[in-house]
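I am opening the notebook on this entry and will write down what I looked up, item by item. The structure goes in before the notes.

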Amino acid sequence: MSSVQIQCTRCKGVFRDRAGRLQDGYSRQCPSCEVVLFFAEDSQHPFVKRAMRDARKVRKEQREAEAVKRAAPEPQATQSRRFSGRTRSMERED
Ligand SMILES: [Zn+2]
C-alpha cells in the first residue's frame, strides 16, 4: 500500500500515512507533537491540502495500475513472450 507524506501543521514534523486512509473526514495524531490533524477536502491549510492532493494522486495511480493489471494478458502469455524473446536472441547468436 502506498503512503503519502504529511507535514504537521503545528511542529512541522514530517511523517507518512497510507493514501487509502487520507480522505475527507480523516484525522490522525502527529507522532512528534501529538496534535490531532484533521483532513478535510475544504481545509484551508496548505500542509493538509498538499497531503490530501498527494493522497488523491496516489489513489488515482493505484486505480490506473490495477486497471492495467486487469487489462494485461494472463501470466502464461507473458511467459511465452519472454520465452520467444530468448529464442530470438539465441537465433541471433547462431
Ligand atoms: Zn506535530
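In which loop does Ser43 lie? I found Ser43 in the loop between β4 and α1, the latter spanning residues 46-71, and I keep in mind throughout that this is a predicted model.

**Ser43 and its surroundings.** I looked up the accessibility of Ser43 and noted a relative accessible area of 15%, which places the residue under the 20% cut-off for buried. I then followed its side chain, which reaches the backbone nitrogen of His45 at 3.2 Å. Once I set aside the neighbours within four places in sequence, Ser43 is in contact with Val48 and Lys49.

**The zinc site.** Next I turned to the zinc ion and listed its donors, which are the SG atoms of Cys8, Cys11, Cys30 and Cys33, at 2.3 Å. The angles among the four donor atoms run from 107 to 114°, and I recorded the site as tetrahedral. Along the chain I read the spacing of these donors as C-x2-C-x18-C-x2-C. Cys11 sits in the loop between β1 (3-7) and β2 (14-18), while Cys33 sits in the loop between β3 (26-29) and β4 (36-39), so this pair ties together parts that are 22 residues apart in sequence. I also checked how far Cys11 is open to the outside, and wrote it down as partly exposed, with a relative accessible area of 34%.

**The nonpolar core.** I then asked which residues of the largest nonpolar core touch the most other members. Of its 16 residues, these are Val4, Ile6, Cys8, Phe15, Leu22, Leu37 and Phe39, and I note that Cys8 is also one of the zinc donors. The elements that give two or more residues to this core are β1, β4 and α1, of which α1 gives the most, with five residues. For Phe15 I looked up the contacts beyond four places in sequence, and found Val4, Gln5, Ile6, Cys8, Arg28, Cys30, Pro31 and Leu37.

**The aromatic pair.** Last, I searched for paired rings, and the structure holds one aromatic pair. Tyr26 and Phe39 form this pair, which I entered as stacked, with 5.9 Å from centre to centre and 25° between the planes. The pair links distant parts of the chain, since Tyr26 belongs to strand β3 and Phe39 to strand β4, 13 residues apart. I checked both partners for burial: Tyr26 counts as buried at 17% relative accessibility, and Phe39 is buried with a relative accessible area of 1%.

Technical notes
Residues numbered from 1 in each chain as written. Predicted model: local features only at pLDDT ≥ 70, side-chain atom pairs only at ≥ 80, totals over all residues. Heavy atoms only, no water. Donors = N, O, S within 2.8 Å, 3.2 Å for Na, K, Ca; no water. Tetrahedral: all angles 85-135°; square planar, octahedral: opposite > 155°, others 65-115°. Helix = DSSP H or I, 4+ residues; strand = E, 2+ residues; numbered from the N terminus. Buried < 20%, exposed > 50% of the residue type's maximum accessible area, 1.4 Å probe, protein only. Polar contact = N/O pair within 3.5 Å; in protein donor to acceptor, adjacent residues only side chain to side chain. Contact = heavy atoms within 4.5 Å. Core = buried A, V, L, I, M, F, W, Y, C linked by side-chain atoms within 4.5 Å. Phe/Tyr/Trp six-rings, centres within 6.5 Å; stacked < 30°, edge-to-face > 60°.
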